[in-house]
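Reader: I should be grateful for a close look at how one part of this model is packed, treated quantitatively. Please then place that part within the chain as a whole.

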Amino acid sequence: MVTFKAEIERFERMGEKTGWTYVFIPMEIAHQINPDCKKSFRIKGMLDNIAIHGLSLVPMGEGNFILALKSALRKQLKKEEGAVLSLELTVDSDFKIEMPQELDMCLSDEPGLMDQFLSMPKSHQNYYINWFNAAKTEKTKVKRLTMIVNAMDQRLNFGEMIRAAKD
């Protein structure tokens, strides 16, 4: 478990990360948590007195990472931009995202769709699954299932699917 303090920051303008609230994780600390890793990885531990698991450290280049802090987590912490946060982090090797039954059934119905889904990097599979699981209404679930099935048929990754839906 690596322990350190960091200030909560916010991206003003940073492409797709614009508006994100985050904690900067310097290369030296990131390598203590997960040596020689240069891509996203899941972590668990404590942020102040709040237990966390399954959150991702996102690479920012040159070996540095960020930990994005969603608004619900910031509310639990009772902290916003500029506040100092105590962190205790380690790799979360136990974290697994289960495929929802509805998604499994829809992708298995059509030949090749499940193969396409499983051929994607695990992180892309997780984007799709988390996005589907975040749907609150049945109508939204059906819409997202349809979009995912179409994306697999067109061999789109998650970002490409989202951009295509905006057009």
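Author: A crossing of two helices is called right-handed if the near helix is turned clockwise from the far one by less than a right angle, and left-handed if it is turned anticlockwise. With that convention, the part chosen here is the helix packing centred on α5 and α6 in this predicted model.

Two packed helices are described by the angle between their axes and the distance between the axes. For α5 (residues 122-133) and α6 (residues 138-153), the axes come within 9 Å and cross at roughly 160°. Since an angle over 145 degrees counts as roughly antiparallel, α5 and α6 are therefore roughly antiparallel to each other. In the sense defined above, α5 passes α6 in a right-handed crossing. On the α5 side the contact is made by Tyr128, Trp131 and Phe132, and these meet Lys141, Arg144, Leu145, Met147, Ile148, Ala151 and Met152 of α6. By class, the residues of this contact divide into eight nonpolar, no polar and two charged. The two charged residues are Lys141 and Arg144 of α6.

Helix α6 also packs against α3 (residues 101-109), at an angle of about 40° and with the axes 10 Å apart. Angles under 35 degrees count as roughly parallel and those from 65 to 115 as roughly perpendicular; α3 and α6 fall into neither class and are therefore oblique to each other. Here too the crossing, of α3 past α6, is right-handed. Helix α3 contributes Glu102, Leu103, Cys106 and Leu107, while α6 contributes Lys141, Leu145, Ile148, Val149 and Met152. This contact of α3 with α6 holds seven nonpolar residues, no polar ones and two charged ones. Lys141, Leu145, Ile148 and Met152 of α6 take part both in this contact and in the contact with α5.

On the other side of the account, α5 has a further partner in α7 (residues 158-166), whose axis comes within 9 Å of that of α5 and crosses it at roughly 45°. These two helices, α5 and α7, are therefore oblique to each other. His124, Tyr127, Tyr128 and Trp131 of α5 meet Phe158, Met161 and Ile162 of α7. The contact of α5 with α7 comprises six nonpolar residues, one polar residue and no charged residue. The polar member is His124. Tyr128 and Trp131 of α5 meet residues of α7 and also residues of α6.

To place these helices in the whole, one may turn to the chain itself. The protein chain has seven helices and six strands, and along the sequence they follow the pattern β-β-α-β-β-β-α-β-α-α-α-α-α. The C-alpha trace spans about 50 × 30 × 30 Å along its principal axes.

The six strands close into a barrel in the order β1-β2-β5-β4-β3-β6, with antiparallel pairing. On average, and with direction ignored, neighbouring strands of this sheet are turned by 45° against each other. Strand β1 (residues 2-10) pairs with β6 over six bridges, and Lys5 has Ser86 of β6 as its bridge partner. With β2 (residues 21-25), β1 forms three bridges; there the bridge partner of Glu9 is Tyr22.

Strand β3 (residues 41-47) pairs with β4 (residues 50-61) over seven bridges and with β6 (residues 84-91) over five. Lys44 illustrates this double pairing: it stands opposite His53 in β4 and opposite Thr90 in β6. Elsewhere in the pairing with β4, Arg42 has Ser56 as its bridge partner. The hairpin of β3 and β4 has two residues between the strands, and in it Asp48 takes a positive phi near 50°.

Aromatic pairs complete the description. The whole structure contains six of them. In one, Phe41 and Phe65 are edge-to-face, with 5.4 Å from centre to centre and 70° between the planes. Phe41 belongs to β3 and Phe65 to β5 (residues 64-68), so this pair ties together parts that are 24 residues apart in sequence.

Methods:
Residues are numbered from 1 along each chain as its sequence is written. This is a predicted model: local features need pLDDT of at least 70, side-chain atom pairs count only at pLDDT 80 or more; totals for chains, interfaces and linings use all residues. Side-chain values use heavy atoms; hydrogens and water are left out. Axes are lines fitted to C-alpha atoms, for helices over the stretch in contact, and angles run from 0 to 180 degrees between N-to-C directions. Helices (H or I, at least four residues) and strands (E, at least two) are DSSP runs, numbered from the N terminus. Contact means heavy atoms within 4.5 Å. Two strands pair if DSSP finds at least two bridges between them. Rings of Phe, Tyr and Trp (its six-membered ring) pair if their centres lie within 6.5 Å; planes under 30 degrees apart count as stacked, over 60 as edge-to-face and the rest as tilted.
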